[in-house]
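Me: I am new to this structure and would like a close look at a single part of it. Could you walk me through one helix and the aromatic rings connected with that part, step by step?

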Amino acid sequence: MLCSRLDLPGGIERAIVNTANLFVEKGHPVSLIVLDETGNSYYPLHASVKVIQQPLSFGITPDGNIISRKIKLLSDVLKLRKLLKQLKADIVIATEYPFAVAAVLSGAKKYAKLFSWEHHHFAWIRKNRFWATLSEMAYKRLNKIICLNKTEALHFEKFAATVVIPNFIENKTGRLSSLQNKQVLSVGWLIHRKGIDLMLKAAKEVLTINPTWTWKLIGEGEMLQDVLDFIQQENLQDRFILQPPAGADLSSEYLQSSLFVLSSRFEAFPMVLLEAMSFGLPCISFDCPTGPADIIADKINGLLVEKENPDKLAQAVSSLIKDEERIRSMGQKAMENIQQFSPEKIYELWTSSFK
């Protein structure tokens, strides 16, 4: 598996680590080639997963000029070719488009099956003309393209065979939230793409209408000061709680909450929704492109609201706060729904694709 840095908390990093761990647990040798400056992992890696850290940029760098970057691409492709030949892999999975292109250019298809595993929302990825042309050429030579949902798969069908394999989650504690604590929980990077500004607008309304409830946001990022300013300006020091990530295990946070809210402008297949549901939490999310609608069954195990509409988001959260019976019913359905994303079922999809 070719991947970028894994030392940060995030859904992509967690999906890669989870999948690598799953395959070694099933008896398959797995190597993670981390094409970045560090080989450390934020999430626990199985001891049998082989980590090879080899910083290769493939010319995607602000350094140099147009010619030096093309030379860098060529030299890094040659380094990758040497590394892949040494590993003698049967299957090579690229987790970002430059890695898929590089794997094709390295000639790996002569001895291995090549897969691209698409984690990002298609419309979010921006390529210049050179990389767009190179990607189109390379993707047509892949054995298969792995997508997280059907909508994303539609974008890739013109290149090669596609298959939908969602992310998976496992609640290893075996515990569920009591749904008795008056706390809303959100987890994610403090960035524009995650709709933090929209979340703050919704939270202001929810906490005004429901004075006995709190809202906890776990995350870090470039909008940190915006969140701190919001808390100060709205006098919500004890009610809107900002907490930096303190480790890979957030089970205690889910167990102490009764609702989970996602405010992203776009996603692909948000792992945090899976994790929240695995603890029996009803989830409320914008019906953004794409992913939440593949996880949340609206009005059954959670609520989907009009994208980028904080007023509708606030109304949805408050409607559940006022209906404890509905929270419990949705929590039960959330726990049942999550079974379709179990490790065993997702493992079967992967092995079926390989065969």
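Reply: A charge is said to sit over a ring if NZ of Lys or CZ of Arg is within 6 Å of the ring centre and within 35 degrees of the ring normal. The model is predicted, and in it the charged end of K26 sits over the ring of Y347, 5.1 Å from the centre of that ring.

The part to look at closely is helix 1, which runs over residues 11–25. At 1.5 Å a residue, its 15 residues should span 21 Å, and because the C-alpha atoms at its ends are 21 Å apart, the expected and the actual span agree. Just after helix 1, G27 takes a positive phi of about 95°.

How much of helix 1 is covered? The helix is mostly covered, with 12 of its 15 residues buried; the buried residues are E13, R14, A15, I16, V17, N18, T19, A20, N21, L22, F23 and V24. The elements that cover these buried residues include strand 1 (2–3), strand 2 (31–34) and strand 5 (113–117), together with helix 9 (271–278) and helix 13 (343–354).

One of the buried residues, F23, leads on to the aromatic rings, of which the structure holds 20 pairs. The rings of F23 and F354 have their centres 5.8 Å apart and their planes at 45°, so this pair is tilted. Because F23 lies in helix 1 and F354 in helix 13, the pair ties together parts that are 331 residues apart in sequence. Both F23 and F354 are buried.

For another aromatic pair, turn to F122 and F156, which are edge-to-face, with 5.3 Å from centre to centre and 90° between the planes. This pair also links distant parts of the chain, since F122 is in the loop between strand 5 and helix 4 (129–139), while F156 is in helix 5 (residues 150–156), 34 residues apart. F122 has 28% relative accessibility and therefore counts as partly exposed, whereas F156, with a relative accessible area of 5%, is buried.

Returning to F23, ring pairs link this residue with F115, W117, Y347, W350 and F354 into a cluster. Y347, a member of that cluster, is the residue whose ring lies under the charged end of K26. Elsewhere, the charged end of K127 sits over the ring of Y97, 4.8 Å from the centre of that ring.

How values were computed: Residues numbered from 1 in each chain as written. Predicted model: local features only at pLDDT ≥ 70, side-chain atom pairs only at ≥ 80, totals over all residues. Heavy atoms only, no water. Helix = DSSP H or I, 4+ residues; strand = E, 2+ residues; numbered from the N terminus. Expected span 1.5 Å × (residues − 1). Buried < 20%, exposed > 50% of the residue type's maximum accessible area, 1.4 Å probe, protein only. Contact = heavy atoms within 4.5 Å. Phe/Tyr/Trp six-rings, centres within 6.5 Å; stacked < 30°, edge-to-face > 60°.
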